[in-house]
Amino acid sequence: MHAIFRKLFLHLAFILSFAITARGHAPCTPIDLKCEYLVTPLGIDAAHPRLSWLLADTRTGAKQTAYQIRVATDSLSLKTNPAWTTGKVTAANILAVYQGKTLQPFTRYYWSVEVWDKDGRPSPATITYFETGMMNSSNWKGAWISDGNDVKLKPAANFRKVFTAAKTIQSARAYIAVAGLYELYINGKKTGNHRLDPMYTRFDRRTLYVTYDVTASLQTGKNAIGVMLGNGWYNHQSTAVWNFHEAPWRGRPAFCMDLRITYTDGTVETITSGKDWKTATGPVIFNSIYTAEHYDARLEQPGWNTTAFDDSKWKDVIYRSAPSSNIVSQQLHPIENVEEITAKNMVQLNDSTWVFDLGRNIAGVSKIRVAGTVGTIIKLKHGEQLDKKGHVDQSNIIVHYRPTDDTDPFQTDIFILSGKGEESFMPRFNYKGFQYVEVTSSRPLQLTKESLTGYFMHSNVPPTGHINTSDTIINKLWWATNNAYLSNLFGYPTDCPQREKNGWTGDAQIAIETGLYNFDGITIYEKWLADHRDEQQPNGVLPSIIPTGGWGYEWGNGPDWTSTIAIIPWNIYLFYGDTTLLSRSYDNMHRYVDHITEISPDGLTTWGLGDWVPVKSKTPVEFTSSAYYYADVLILAKAAKIFGKQPDEIKYKALADKIKTAFNTKYLNTRTGMYGEGVQTELSAALYWGLVPDSMKSKVAANLAKRVATDNFHLDVGLLGTKSILNALSENGYADVAYKVAAQRTFPSWGWWIVNGATTLYENWDITASSDLSRNHIMFGEIGAWLYKGLGGIKPDESAPGFKNILLSPNFVEGLDHFAASHESPYGEVISSWERNGVTISYAVTVPANATADIFFHISPKQKIFENNKPIVTQATSRGLCYKVTAGTWQFQIK
């Protein structure tokens with residue numbers, strides 16, 4: 001014992017000494033160390049994990065000239081005897097891949113990074129760690145168990161096991177893989193704060209397991225493990241148009257668990273799932289990820305997950321086959337109850353009905369606290385709007401539900417009271433989209449506004465961006481866009497949190513930049529692109545919703561939607577400077593593009609859904625799908641170049657040229673500079689996706705600006721047009737026109753939603769539409785990214801991705817007095833902000849350490865640019881007057 005405490009003391013002293021040195025003496029220090037983009041992750045399965053950091057160095061021109069990484073299983077050995085080291089690498093890289101000996105399972109690896117600054121001076125090392133998990137499916141010891149095979153059985157199953165830890169525990173890890181959803185309990189307490197684990201995958205092709213540090217939950221002597229299983233998408237008991245109840249993987253939920261305990265004497269014991277577990281159903285009498293959850297508190301068995309409980313009436317478990325042979329670690333930011341929202345208002349409609357208003361639209365759950373007589377049935381109906389009499393109206397979200405009876409009401413939880421004082425209920429295995437909750441009771445109750453609380457649930461991705469402007473509607477729009485984005489992030493990007501919860505590909509490719517400017521989402525997208533690889537047919541075809549139980553291969557897919565296979569990996573590469581996802585997706589992109597080519601030999605394709613939910617003008621499907629086809633081919637050619645695949649690069653560059661030629665031959669009038677009928681989507685998509693010949697860009701852009709003016713500076717686009725309209729204008733000299741469109745307050749516009757009370761984005765421009773009117777959709781969410789690009793001018797540089805070099809092209813548009821955008825890039829915070837003071841514009845830029853920036857100014861011939869009141873020398877380029885800067889904070893004046 002003395003040796004163990006001495007080792008711990010030395011370890012803490014070692015880390016403390018580095019921290020003190022870093023704070024006191026080093027002007028350049030590596031910080032924010034991550035493994036696989038997570039801080040001190042547990043259960044890593046990657047054979048070659050990625051290690052990343054950034055620099056804390058505020059000096060002008062700050063940069064890293066070299067780095068060294070060391071890895072060891074003992075922190076004290078990092079300097080003296082590392083298991084692996086990069087040696088001193090003369091490079092500015094802030095991402096390195098482990099290339100040492102094979103990582104062992106169930107092992108904590110400490111790693112350190114030290115850097116050399118711009119003057120060649122070394123920093124002290126910063127230390128952190130990661131832990132490996134199973135590493136290989138053969139290392140599992142537990143069996144897959146369940147309580148039966150009846151997929152129609154409604155109550156959720158509970159499982160328990162008691163074991164004895166005979167020695168003093170040093171550490172313990174729980175590894176649990178589940179077909180369905182679960183909650184894990186140790187000695188009566190829920191483990192962790194995750195919700196809806198594990199994440200939804202194609203269960204019969206990839207199953208996820210989660211790792212927990214449960215050291216503090218265990219004790220020497222007797223311990224109890226409890227597991228509650230929910231259906232999730234694995235055993236879909238509700239019926240809707242997507243037929244998830246017929247999914248090929250469907251089964252009664254099951255799990256496999258290993259609890260690995262390391263004792264202070266160095267021995268290891270693994271407690272596993274097996275025949276010695278007991279099972280019984282409990283108070284969760286029905287649960288559906290799609291509709292709701294029903295809970296009968298009279299069926300609670302207090303202490304069921306503790307050692308003192310008598311389980312003699314519980315039955316034996318059964319063995320089950322694993323849902324797939326590919327059981328891998330879940331390494332992504334988890335779903336959590338991120339924000340607690342108190343009810344803004346409560347109205348009692350009659351003796352048995354109350355309506356709670358959260359004041360904003362969210363994805364998540366409600367929690368009710370109530371006291372009543374035993375057997376009282378409380379129903380909690382969730383919706384986004386009220387009818388004229390003040391009741392919750394679900395007509396805008398229930399259209400695709402196909403119930404077989406009245407026992408599973410949509411988005412309506414059912415809570416039956418035990419009568420034992422104040423009780424509370426919050427669903428475990430469900431979430432909803434809602435602002436209002438209508439509570440009805442079968443017997444008299446006393447409820448107050450404080451009786452119900454909402455919880456905003458989503459994948460808890462760290463925020464990375466912020467927008468603030470002098471236009472309050474724009475500020476609210478940015479906030480609402482982020483609310484819609486997060487409401488549709490549940491381990492995969494969804495379209496809406498109420499009516500569908502489906503991973504619509506088109507919505508996600510539109511919103512990818514909005515997500516990445518505002519949130520650190522790489523872990524979610526890497527997981528979702530693995531879902532793409534699981535779902536892709538051998539011929540390259542992808543379904544329109546991913547994951548899917550089979551629906552979507554014959555409707556809704558095509559280049560305009562399932563370009564996610566190319567567009568998302570490419571954007572991850574641009575934003576993070578990491579080629580991993582692009583590399584993993586390369587063959588899939590290849591097969592996908594080749595399939596389109598096979599069915600579209602002339603270079604144009606009619607495969608696709610088109611400009612979904614347009615205002616009034618319709619663009620031909622061939623036009624938009626061919627534009628996306630071109631974009632995919634161009635990405636594939638660029639990826640081929642990155643990976644040194646020269647034959648592919650040549651092939652796909654030639655194919656891109658063929659598509660561009662065919663497209664312009666059919667749709668471009670070279671005399672007028674008009675595409676097709678000259679509507680907003682046609683002109684802007686051709687510009688945005690790079691199909692317009694260089695010699696025609698100014699003419700096409702002028703036509704677009706004129707068309708927008710003809711439309712009274714309002715939108716006339718659908719989903720695909722929203723991606724291109726603002727960007728095409730601001731990238732081609734018409735940022736003022738783009739801002740007029742973005743800042744509109746009247747129909748049709750984003751601002752029209754906001755002035756009418758929207759706190760998320762809608763599915764239809766017309767807020768009185770009789771169909772397609774979810775009030776929490778992200779599909780029109782490109783506006784969130786455009787604020788960074790079109791007004792702040794912040795863009796990654798394709799030739800130095802990950803914001804190693806930042807492209808800054810601010811637009812000082814009329815109508816705004818000030819604008820500020822910040823983005824936490826892999827190198828640190830990028831800030832682009834400007835303010836108008838009479839005829840002078842003050843522009844401030846922050847470039848993080850180890851990065852550079854090219855600033856492109858768009859000014860009139862009468863204006864001049866000063867830095868700290870001294871004139872600067874710029875270089876004229878096609879993008880504007882260019883001024884290059886290093887890391888630091890820069891102040892400019894345009895007069």
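User: How many residues of domain 2 are in contact with domain 3, and how many on the other side?
Analyst: In this predicted model, 29 residues of domain 2 touch 32 residues of domain 3.

User: Where do those domains sit in the chain?
Analyst: Domain 2 runs over 137-332 and domain 3 over 336-459. The chain also has domain 1 (29-118), domain 4 (465-791) and domain 5 (805-894).

User: How far apart are the C-alpha centres of domain 2 and domain 3?
Analyst: Those centres are 27 Å apart.

User: And what area gets buried between them?
Analyst: About 2,700 Å², with carbon and sulfur atoms giving 56% of that.

User: Which three residues of domain 2 supply more of its buried area than any other three?
Analyst: That'd be R195, E293 and Y295, which supply 27% of the area domain 2 buries against domain 3.

User: OK, switching to charges. How many salt bridges are there across that interface?
Analyst: The rule finds one between domain 2 and domain 3.

User: What about R428 and E183, how do their side chains meet?
Analyst: R428 and E183 form a salt bridge, with N to O at 3.1 Å.

User: How many residue pairs are in polar contact between the two domains?
Analyst: There are 20 such pairs between domain 2 and domain 3, counting pairs with both residues at pLDDT 80 or more.

User: Which strands supply at least two residues each on the domain 2 side?
Analyst: β11 (181-186), β14 (221-230), β18 (284-287) and β19 (293-296) each do, on the side that touches domain 3.

User: And how does that side divide into nonpolar, polar and charged?
Analyst: On the domain 2 side, 16 residues are nonpolar, eight are polar and five are charged.

Methods
Residues numbered from 1 in each chain as written. Predicted model: local features only at pLDDT ≥ 70, side-chain atom pairs only at ≥ 80, totals over all residues. Heavy atoms only, no water. Domains from an automatic or database assignment. Contact = heavy atoms within 4.5 Å. Buried area = accessible area lost by both parts, 1.4 Å probe. Salt bridge = Lys/Arg side-chain N within 4 Å of Asp/Glu carboxyl O. Polar contact = N/O pair within 3.5 Å; in protein donor to acceptor, adjacent residues only side chain to side chain. Helix = DSSP H or I, 4+ residues; strand = E, 2+ residues; numbered from the N terminus. Nonpolar A, V, L, I, M, F, W, Y, C, P; charged D, E, K, R; others polar.
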